[in-house]
Amino acid sequence: MIVDGTLGGGGHSEALLARGASVVGLDRDPSALEAASTRLARFGPRFRPVQGRFGDVLALVDGPVDGFLLDLGVSSPQLDTASRGFSFQHDGPLDMRMGREGETAAELIARVGERELADLIYELGEERFSRPIARLLKARAPKRTHEAVEAVKAAVPRKAWPRELHVATRTFQALRLAVNDELGELDRALAAIPGLLAPGGRAAIISFHSLEDRRVKQAFRALCGEAPDELPRGLPVQREQRADFVALTKKPVIATGEEVANNPRSRSAKLRAVEKKS
Ligand SMILES: C[S@@+](CC[C@H](N)C(=O)[O-])C[C@H]1O[C@@H](n2cnc3c(N)ncnc32)[C@H](O)[C@@H]1O
């Protein structure tokens with residue numbers, strides 16, 4: 001049995017089911033579960049949808065399992081639906097919740113202090129104009145995505161707007177990660193892997209930015225008994241006596257040119273995988 005921890009539109013689950021696997025599809029977003037369940041109904045009891053967070057995978061799924069797949073971030077339906085409030089391109093309520101519980105992005109901006117907001121935008125968005133952006137967001141208290149975009153535009157000097165990215169990309173990423181505690185969820189899922197997988201089982205994670213990929217890389221290195229790469233060379237590193245995992249990807253797998261042409265959102269995807277030893 002394979003756990004697809006990020007069911008989304010069900011594309012990955014469908015590919016696994018078509019190859020004969022049984023799949024538990026987890027998603028915290030009830031709309032995703034509904035749409036994917038309809039799409040995958042033809043596979044009958046081999047597919048089981050479960051609503052919940054992948055950080056809780058050990059509580060949600062009876063293990064051990066043969067595979068655990070995560071395709072991090074938001075789905076295209078979430079991004080493209082204005083009323084979900086993820087997009088700086090479509091105006092909608094400044095929501096950004098993947099599930100239907102908890103605080104919206106607008107409520108988060110209203111609750112935290114200016115300094116905390118600036119730190120959050122700096123750390124989770126790697127945005128160097130975090131301080132002026134936080135100041136204007138606090139002053140304007142946006143309720144709509146376009147109001148937030150206008151605040152970011154006004155806070156960043158025109159000549160410093162990035163060429164490759166929309167000027168609000170990093171701020172929106174930071175707010176989304178914070179609203180959904182995405183890095184916390186990832187850490188909990190990474191910690192669950194040893195207890196979740198059966199011998200010979202595999203975990204594969206697709207990440208979309210460096211904050212996620214760094215965590216996956218370090219966690220997988222630790223599982224494979226390798227030293228974390230930020231330690232200075234020559235230090236007497238204490239390695240695990242016996243690693244329970246082997247790496248299936250020495251370097252992250254990235255999308256081919258053809259795949260990027262067909263699916264531009266795959267351009268920043270990185271896949272890493274490990275296997276639990278038998
Ligand atoms: C990039 S999409 C997955 C797309 C999917 N692989 C497909 O083939 O259509 C990510 C999905 O994961 C869900 N998600 C993100 N974080 C989650 C979490 N912590 N727990 C459960 N689902 C989560 C989102 O709601 C979204 O539907």
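Here are a few exercises on this predicted model, each with a worked solution.

Before you start, note that residues are numbered from 1 along each chain as its sequence is written. Local features need pLDDT of at least 70 and side-chain atom pairs count only at pLDDT 80 or more, while totals for chains, interfaces and linings use all residues.

**Exercise 1. Find the buried residues of helix 7 and say which side they are on.**

Step 1. Pick out the helix: helices (H or I, at least four residues) and strands (E, at least two) are DSSP runs, numbered from the N terminus. Helix 7 spans residues 130-140.

Step 2. Check burial. A residue is buried if 20 or more other C-beta atoms lie within 10 Å of its own, exposed if 12 or fewer, and partly exposed in between, with C-beta atoms placed from the backbone. In helix 7, that gives you Ser-130, Ile-133, Ala-134 and Leu-137.

Step 3. Look down the axis. These residues cover an arc of only 100 degrees, so they sit on the same side of helix 7; the arc is that of the directions from the helix axis to the C-beta atoms. Here's the background: an α-helix has 3.6 residues a turn, so residues three or four places apart point the same way.

Step 4. See what covers them. The cover includes helix 5 (105-111), helix 6 (114-125), helix 8 (145-155) and helix 9 (169-179). Contact here takes two C-beta atoms, placed from the backbone, within 7 Å.

**Exercise 2. Work out how much of helix 9 is buried, and against what.**

Step 1. Count: 10 of the 11 residues of helix 9 are buried, so you can call this helix mostly covered.

Step 2. Name some. Among them are Arg-170, Phe-172, Leu-175 and Val-179.

Step 3. Find the partners. The buried residues of helix 9 pack against helix 5, helix 6, helix 7, helix 8 and helix 10 (182-196).

**Exercise 3. Track down two non-glycine residues with positive phi, and a cis peptide bond.**

Step 1. Go to the loop between helix 7 and helix 8, where you'll meet Ala-141. Ala-141 isn't a glycine, yet its phi is positive, about 40 degrees. Ala-141 counts as partly exposed because it has 13 C-beta neighbours inside 10 Å.

Step 2. Move on to Asp-181, in the loop between helix 9 and helix 10. Phi of Asp-181 is near 45 degrees. With 14 C-beta neighbours inside 10 Å, Asp-181 counts as partly exposed.

Step 3. Now the peptide bond: from Gly-63 to Pro-64 it is cis, with omega near -5 degrees. Pro-64 lies in the loop between helix 3 (57-60) and strand 4.

**Exercise 4. Sort the strand pairs into parallel and antiparallel.**

Step 1. Use the rule that two strands pair if DSSP finds at least two bridges between them.

Step 2. List the parallel ones. Strand 2 (residues 23-27) and strand 3 (residues 47-51) run parallel, joined by five bridges, and Val-23 stands opposite Phe-47. Strand 4 (residues 65-71) and strand 5 (residues 197-207) are also parallel, over six bridges, with Asp-71 opposite Ile-206.

Step 3. Add the antiparallel one. Strand 5 and strand 8 (residues 270-276) share six bridges, and Ile-205 has Arg-272 as its bridge partner.

**Exercise 5. Describe the two domains.**

Step 1. Read off the bounds, which come from an automatic or database domain assignment. Domain 1 is 2-76 + 182-276 and domain 2 is 100-179.

Step 2. Take the centres over C-alpha atoms: they are 28 Å apart.

Step 3. Check the contact. Domain 1 gives five residues and domain 2 gives four residues.
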